[in-house]
Amino acid sequence: MAGSFFKRRFLSLFDYKTEKYIVAKNKKVGVLYRLIQLSIIGYLIGWVFVTKKGYQETDEAIQSSVITKLKGVSVTNTTESGLLVWGPEDYVIPPQGEAVLFVVTNFLETPKQKLGYCAESHRVLDGRCQNDEDCEEGKMVVAGNGIKSGRCLRQDENSTGSCEIYGWCPIERKFKPQGPLLKNAENFTIYIKNFIQFSKFTFSKCNVLETTDNSYLRRCRFDEELHPYCPILRLGDITRRAGYNFQDLATSGGSIGIMIEWDCDLDKGYSNCHPVYHFTRLDINVSNKTIATGFNFRHSRYFKNAAGESYRSLFKVYGIRFNIMVHGKAGMFSIIPTAINVGSGLALMGAGVFFCDLVLLYLMKKGNSYRERKFEEYKGMKSTTEDNNVEDRKGAAEQDNLTFFHCVSL
């Protein structure tokens, strides 16, 4: 007996058990069900596969290299420096051709500074004094220009004086620039060479047109429509594309972001992977209500006179800081994400069945009849004939629009 019991249990593992389906002839619920199906299919095809390309495996770990080079010459003529010619080696900082660089467009010069004693600037709070006790000898001036000598220099007894310091004298002159001195900087050009690689797909490309014409780079200028693979951009065009006037930006300086975006659909081939350029100003907020706009810093040039004395000229330079940023992703067909997204879409179809069941069970007038057919109770063994008689009586008693089908395994 025990052997027979376990044998039946074992053989039952190979039985195929199908589901019981109930067809509810209700047009309202039927239309709702089809609308849910169409919405899910539209989402799967339109959004997942067409828009988001869910059939592709992607690589967003872009490997990038940026090399820059500037060209252009400008002339300045100031009282301090006289006539000067500015080349890329003078106005580009640093000159190594990096992805972040600064182009000088304006400057204030304090010439021929020499180490010695002079009064601290009255603008420096820590350099103000009423007597010598306020200028402790040997103490550094906070945010100042030198070391206090111990003397307070005043015009008269009733005025606030400035501490005498030991430093580079005369101290830097304080005034605001009235306009850019390197007026031709607007016509300078920047050559941006960008190499990218997606290691997952062993794919690499450059933003320079692949051509054997050696004169192409000498005569082309970047244009989104005509010359998207010309990497030479005019500085005035960059600021214009960012939404600002170059001359206004060059007076007090600023920061411009140049973003190169690579969105490569490798299923369409090598020629369909293009760089897209975006330009934006980075040193200003949306409201424009800030005192932190502009960009400047100081550097100096040292020299000695005929007697061997050391001097320097201090430059406070204003200009445009360019940040070149590269982003991108590549995609290629793969069966794994395709199968995952198709399976997810099919699983969503079950949500439509679940929702329509809720409508039939709880929102329709004949929900009780549907519930009796959907959920059956088993109360013991009955003969097959008795079961059939009970089913016949139930079918004659119900006058709703439900048709029931039992799927029988083949």
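1. A good place to begin is Thr78, which counts as buried because its relative accessible area is 14%, and the cut-off for buried is under 20%. The model in which this value was computed is a predicted one.

2. The surroundings of Thr78 can be followed on the structure, starting from strand β4 (residues 74-78), where Thr78 is found. Leaving aside residues up to four places away in sequence, Thr78 touches Phe107, Glu109 and Leu181. A polar atom of the Thr78 side chain also lies 3.1 Å from the backbone nitrogen of Ser81.

3. Turning to the protein as a whole, there are nine helices and 18 strands, and buried residues make up 35% of its 410 residues. The protein exposes about 26,100 Å², of which carbon and sulfur atoms supply 55%. Among contacts with a separation of 6 or more, 69% are between residues 24 or more positions apart.

4. Helix α7 (residues 335-363) allows a simple check of length: its 29 residues, at 1.5 Å a residue, should span 42 Å, and the end C-alpha atoms are 42 Å apart, so the two values agree.

5. Which residues of α7 are buried? They are Pro337, Thr338, Gly345, Met349, Gly352, Cys356, Asp357, Val359, Leu360 and Leu361. When reading such a list, it helps to recall that an α-helix has 3.6 residues a turn, so residues three or four places apart point the same way.

6. As for what covers the buried residues of α7, the elements include the helices α2 (27-51) and α8 (367-374), together with the strands β1 (21-24), β2 (56-59) and β17 (310-333).

How values were computed:
Residues are numbered from 1 along each chain as its sequence is written. This is a predicted model: local features need pLDDT of at least 70, side-chain atom pairs count only at pLDDT 80 or more; totals for chains, interfaces and linings use all residues. Side-chain values use heavy atoms; hydrogens and water are left out. Helices (H or I, at least four residues) and strands (E, at least two) are DSSP runs, numbered from the N terminus. Buried means under 20% relative accessible area, exposed over 50%, partly exposed in between (1.4 Å probe, protein chains only). Contact means heavy atoms within 4.5 Å. Accessible areas come from the Shrake-Rupley method with a 1.4 Å probe; for residues, only the protein chains shown count as cover. The expected span of a helix is 1.5 Å times one less than its number of residues. A polar contact is a pair of N or O atoms within 3.5 Å; within protein, one must be able to donate a hydrogen and the other to accept it, and residues adjacent in sequence count only if both atoms are side-chain atoms.
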